[in-house]
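The following exercises are to be worked through with the sequence and the structure at hand. Each task is followed by a solution in steps.

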Amino acid sequence: MLKIDHLSHSFGRRQVLFDIDFEVAEGEIVVVMGSSGGGKTTLLKCVAGLLPIEEGDVIVDGVSVRQDPETARAKMGMVFQYAALFDYLNVADNVAFGVKRQKGLVSKAARQLVGEQLEAVGLEGSEALMPAELSGGMRKRVGLARALAMEPKVLLYDEPTSGLDPVTAYSIDQLIVETRERTRTTSIVVSHDVTSVFRVADRIAFLDKGRLLFLGTPQEFRAAQDKEIQDLVTLARSEQALGTFSGPTL
Ligand SMILES: Nc1ncnc2c1ncn2[C@@H]1O[C@H](COP(=O)(O)OP(=O)(O)OP(=O)(O)O)[C@@H](O)[C@H]1O
Ligand SMILES: [Mg+2]
């Protein structure tokens, strides 16, 4: 469904992605981890067609992001780190924003679609709220509802649980998994919340200074010998010992 094909990226003379090459199967959730500044957001933006691709390519459902970014973008939904809602629009207008523009939906159909999407993310009835009235977790849900309204084949999430308390983070993780079960969407989730990763990932990709250091199942991740990965696994185990970890046993 999604193929990242020998992708490299530089900002000016500074190279931040080096020959990234992996595929995500239909309905699969791949979580991209890695230290801060390692290139995770850059990778997501390249996939999303928000940054020009100069070396390598990304193929989404048979369409090259490099050659036809417009068509490729229409197949993808992005959930931004801070939800990126329009503060002057209410929840309903935020959710309907892209659909109205792209599909020219009239208001009645848009209203129905908004209602359905808000229900899917557990926010039914909140159409009239303004972004300033929403909690962090609710903002993320609205961001997801907006992406889902476009019926994307691929969903890209940048740090969906960052800045949330553990209980709210858990509910967002559940929502990501539920959304996949319901829509069979293919997903890439960027995260450095290691407890969250084990809850949602079918496979984990680990980026180290712009290079793909590891790609495999959570089980393989736990067994990986790389020091950067072992440190994370140890952290997850200590969170579990403290009782702050709610998920499958490590
Ligand atoms: N628009 C930009 N122009 C120039 N350099 C950039 C730009 N965006 C990112 N970079 C640089 O690219 C590198 C990778 O950044 P990126 O945001 O992809 O990292 P990240 O893995 O998402 O980090 P974090 O975990 O902190 O979000 C960083 O060194 C950053 O300074
Ligand atoms: Mg980032």
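**Exercise 1.** With which residue does Asp61 form a salt bridge, and how far apart are the closest N and O atoms?

*Solution.* The model is predicted: local features need pLDDT of at least 70, side-chain atom pairs count only at pLDDT 80 or more, and totals for chains, interfaces and linings use all residues. Residues are numbered from 1 along each chain as its sequence is written, chains are lettered from A and ligands numbered from 1 in the order in which they are written, and side-chain values use heavy atoms, with hydrogens and water left out.

Step 1. A salt bridge is a side-chain nitrogen of Lys or Arg within 4 Å of a carboxyl oxygen of Asp or Glu.

Step 2. The partner of Asp61 is Lys75, with 3.0 Å between the closest N and O atoms.

Step 3. Asp61 lies in the loop between β4 (55-60) and β5 (63-64), and Lys75 in the loop between α2 (69-73) and β6, so the pair ties together parts that are 14 residues apart in sequence. Helices (H or I, at least four residues) and strands (E, at least two) are DSSP runs, numbered from the N terminus.

Step 4. In total, the structure holds 11 salt bridges.

**Exercise 2.** Determine how strands β1 and β2 are joined.

*Solution.* Step 1. Two strands pair if DSSP finds at least two bridges between them. Strand β1 (residues 2-11) runs antiparallel to β2 (residues 14-24), and seven bridges join them.

Step 2. Leu2 has Val24 of β2 as its bridge partner.

Step 3. Two residues lie between the strands of this hairpin, where Gly12 takes a positive phi near 60°.

**Exercise 3.** Describe the surroundings of ligand 1.

*Solution.* Step 1. Residues with a heavy atom within 4 Å of the molecule count as near; among those around ligand 1 are Phe11, Val16, Ser35 and His192.

Step 2. The largest share of this shell, three residues, comes from α1.

Step 3. Oxygen atoms of ligand 1 lie 3.0 Å from a polar side-chain atom of Arg14, 2.8 Å from one of Lys40 and 2.5 Å from one of Thr42.

Step 4. On its own, ligand 1 has 630 Å² of accessible area (Shrake-Rupley method, 1.4 Å probe), of which the protein covers 61%.

**Exercise 4.** Locate Asn90 and name the residues that it touches.

*Solution.* Step 1. Asn90 is in the loop that lies between β6 (76-79) and α3 (91-103).

Step 2. Leaving aside residues up to four places away in sequence, Asn90 touches (heavy atoms within 4.5 Å) Glu127, Ala128, Leu129 and Met130.

Technical notes. A polar contact is a pair of N or O atoms within 3.5 Å; within protein, one must be able to donate a hydrogen and the other to accept it, and residues adjacent in sequence count only if both atoms are side-chain atoms.
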